[in-house]
Amino acid sequence: MKASKSWWSLLKKGHFSFEGGVCGAKMKQLPFMGVVCTVMLFIVYRTTNYQYQQTEMESKLHPFYTLKDRGMAASSLNSLPHGIIEPRSDLELKPLWTTSSSKSEVNVGSSHNLLAMPVGIKQKKNVDTIVQKFLSENFTVILFHYDGNVNGWWDLEWSKEAIHIVAHNQTKWWFAKRFLHPAVVSVYDYIFLWDEDLGVENFHPGRYLEIVRSEGLEISQPALDPNSTGIHHRITIRNRMHKFHRRVYDVRGSVKCSDDSEGPPCTGFVEGMAPVFSKSAWDCAWHLIQNDLVHGWGMDMKLGYCAQGDRTKKVGVVDSEYIVHQSIQTLGGASSKKGSSPQKYVKRHGVDMRLEIRRQSTTELQIFKERWERAIKEDKNWLDPFSASRRRKQRRSHSRRRKLKV
């Protein structure tokens with residue numbers, strides 16, 4: 001306190017003021033005070049620069065911590081030298097030992113893309129077909145076993161190369177939130193978070209990624225064959241005339257999709273059965289997944305906020321590499337596959353499990369919507385990048401710039 005008072009009294013005596021970062025004096029010749037001002041400004045600059053560098057270093061060391069966790073993470077690692085900290089990981093299997101002949105094979109042809117799927121033993125044949133396609137393109141594969149049956153997969157040649165996670169009756173989003181943390185999957189360029197009931201006869205992962213990269217799609221999905229079951233949004237249906245599409249035009253139904261449509265499900269939209277995320281998009285999407293809402297209903301309408309830019313340009317559906325959605329209900333119920341004979345839902349203790357799951361999904365959808373609205377109200381600094389008013393302002397600003405150039 002004494003030091004600060006002495007500085008202040010000294011400045012008052014010299015009648016100094018700081019305006020816009022410039023040190024001005026009412027007295028004409030005060031070389032000493034000029035030096036003092038220069039030194040003070042230099043100290044302020046160095047301090048600010050040091051703090052900035054520290055923030056940058058922390059962001060590199062802990063790139064995926066949330067704002068709430070960042071302070072705790074930094075303080076808990078203070079006892080370690082920074083150079084030893086390895087913040088990222090992957091899902092690659094490591095050998096317990098290496099021989100002289102195998103050392104040269106380490107890290108050769110390492111994967112840079114990931115396929116993650118929830119699987120049950122009843123869909124083993126279909127999953128085998130899917131995985132074989134992705135392994136031919138050197139993907140890393142992680143299987144989430146929601147039925148607890150892992151032993152039934154060991155007869156498949158590739159099974160020991162895959163990662164197996166077991167948790168009874170859990171959904172894809174539950175697994176993803178717990179085992180696909182962005183720091184763990186940060187080495188992969190693209191993450192395919194797919195369901196197990198997809199037909200891939202007309203799908204090739206390599207060609208698919210070529211299109212995604214060339215078109216700059218951060219979030220995407222393969223189009224659905226028109227003969228698929230469980231088609232909920234017209235934008236996901238394959239357009240035979242295009243290689244890919246970003247929007248759909250449809251005047252039927254309650255949702256009218258036209259050139260004026262600026263959001264889901266007309267544009268900037270993919271559905272939850274076969275989404276594909278870039279590394280950056282997944283970093284955002286992982287944080288969007290709610291820890292306690294297991295079914296993920298409603299999240300597909302918000303994924304465009306994770307598109308790392310304009311969702312009308314960064315989100316798309318690939319038509320030339322398409323899949324068949326078989327719409328097989330696996331958790332708690334029987335198949336609803338098209339053409340199959342009607343089957344009764346699985347019942348336990350007199351409870352219709354499929355009906356209960358649907359009720360919970362509907363409830364969770366409402367909870368998610370309420371949380372989104374509450375988050376918007378509480379975050380005073382957040383500006384919706386896709387709001388109609390903001391887009392109008394951007395268009396007017398763009399128009400003014402054009403006129404000035406002309």
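A salt bridge is a side-chain nitrogen of Lys or Arg within 4 Å of a carboxyl oxygen of Asp or Glu. The model is predicted, so local features need pLDDT of at least 70 and side-chain atom pairs count only at pLDDT 80 or more, whereas totals for chains, interfaces and linings use all residues. Residues are numbered from 1 along each chain as its sequence is written, and side-chain values use heavy atoms, with hydrogens and water left out.

**Exercise 1.** State how many salt bridges the rule yields, and characterise the contact of Arg359 with Glu356.

*Solution.* Step one: the count is seven salt bridges. Step two: in the pair Arg359 and Glu356, the closest N and O atoms are 2.9 Å apart. Step three: both residues belong to helix α9 (residues 353-378) and are three residues apart, about one turn of the helix; helices are DSSP runs of H or I with at least four residues, strands are runs of E with at least two, and numbering starts from the N terminus.

**Exercise 2.** Determine where Lys172 and Asp195 lie, and whether they are buried or exposed.

*Solution.* Step one: Lys172 forms a salt bridge with Asp195, with 2.9 Å between the closest N and O atoms. Step two: this pair links distant parts of the chain, 23 residues apart, with Lys172 in helix α5 (residues 172-179) and Asp195 in the loop between β6 (190-193) and β7 (198-199). Step three: Lys172 and Asp195 are both buried (under 20% relative accessible area; exposed is over 50%, partly exposed in between; 1.4 Å probe, protein chains only).

**Exercise 3.** Classify the accessibility of Lys94 and Asp90.

*Solution.* Step one: their side chains meet in a salt bridge at 3.7 Å, N to O. Step two: Lys94 is exposed because its relative accessibility is 58%. Step three: Asp90, at 24%, is partly exposed.
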